[in-house]
Amino acid sequence: MEIIKKPVLTEKASIFTEKQNRYAFKVDHRANKIQIKEAIEAMFGVTVVGVNTMVVAGKAKSRFTKAGNVSGRAPKYKKAVITVKDGDTIDFYTTL
């Protein structure tokens, strides 16, 4: 099971990173906080202070095409917000 899928690079996540030393990741929906903490520490070599998880609900999507209105849903996913020790940083562009 691949626990860490990809980082969440949104405006809100980058504000968390700059001000509170927190990073957001999309993770496997079966992973618990202990597994997420171990995976982050092994992958990036940082000390994790805290892990907060949440399940983000999928949004309803629709678009208008020649065939008519096509509607569906974006899938739900699990997001983990990781707090690392002061002085530690994660650089997404060199490690992933």
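## Helix 2 and the nonpolar core

Let's start with one well-connected residue: Ile40 touches Ile4, Phe25, Gly45, Val46, Val48, Ile82 and Ile90, leaving aside residues up to four places away in sequence. Keep in mind as you look around that this is a predicted model.

Ile40 also belongs to the largest nonpolar core, a set of 18 residues. Ile40 is listed there among those with the most contacts inside the core, together with Ile4, Phe25, Ile36, Ile82 and Ile90. Four elements each give two or more residues to this core, and here they are with their residue ranges:

| Element | Residues |
|---|---|
| Strand 2 | 22–27 |
| Helix 2 | 33–44 |
| Strand 3 | 48–56 |
| Strand 6 | 77–84 |

Helix 2 supplies the largest share of the core, namely four residues.

So much for the core; now for the helix itself. Helix 2 has twelve residues and spans 16 Å from its first C-alpha to its last, close to the 16 Å expected at 1.5 Å a residue. Its buried residues are Ile36, Ala39, Ile40 and Phe44. Viewed down the axis of helix 2, the buried residues fall within an arc of 100°, so they line one face of the helix. On the face turned away from that buried side you will find the exposed residues Ile34, Glu38 and Ala42.

Both ends of the helix deserve a look. At the N-terminal end, Asn32 acts as a cap, with a side-chain oxygen 3.2 Å from the backbone nitrogen of Ile34. Just after helix 2, Gly45 adopts a positive phi of about 70°, and Gly45 is also one of the residues that Ile40 touches.

How values were computed
Residues are numbered from 1 along each chain as its sequence is written. This is a predicted model: local features need pLDDT of at least 70, side-chain atom pairs count only at pLDDT 80 or more; totals for chains, interfaces and linings use all residues. Side-chain values use heavy atoms; hydrogens and water are left out. A nonpolar core is a set of buried Ala, Val, Leu, Ile, Met, Phe, Trp, Tyr and Cys residues joined through side-chain atoms within 4.5 Å. Buried means under 20% relative accessible area, exposed over 50%, partly exposed in between (1.4 Å probe, protein chains only). Contact means heavy atoms within 4.5 Å. The expected span of a helix is 1.5 Å times one less than its number of residues. The arc is that of the directions from the helix axis to the C-beta atoms. A polar contact is a pair of N or O atoms within 3.5 Å; within protein, one must be able to donate a hydrogen and the other to accept it, and residues adjacent in sequence count only if both atoms are side-chain atoms.
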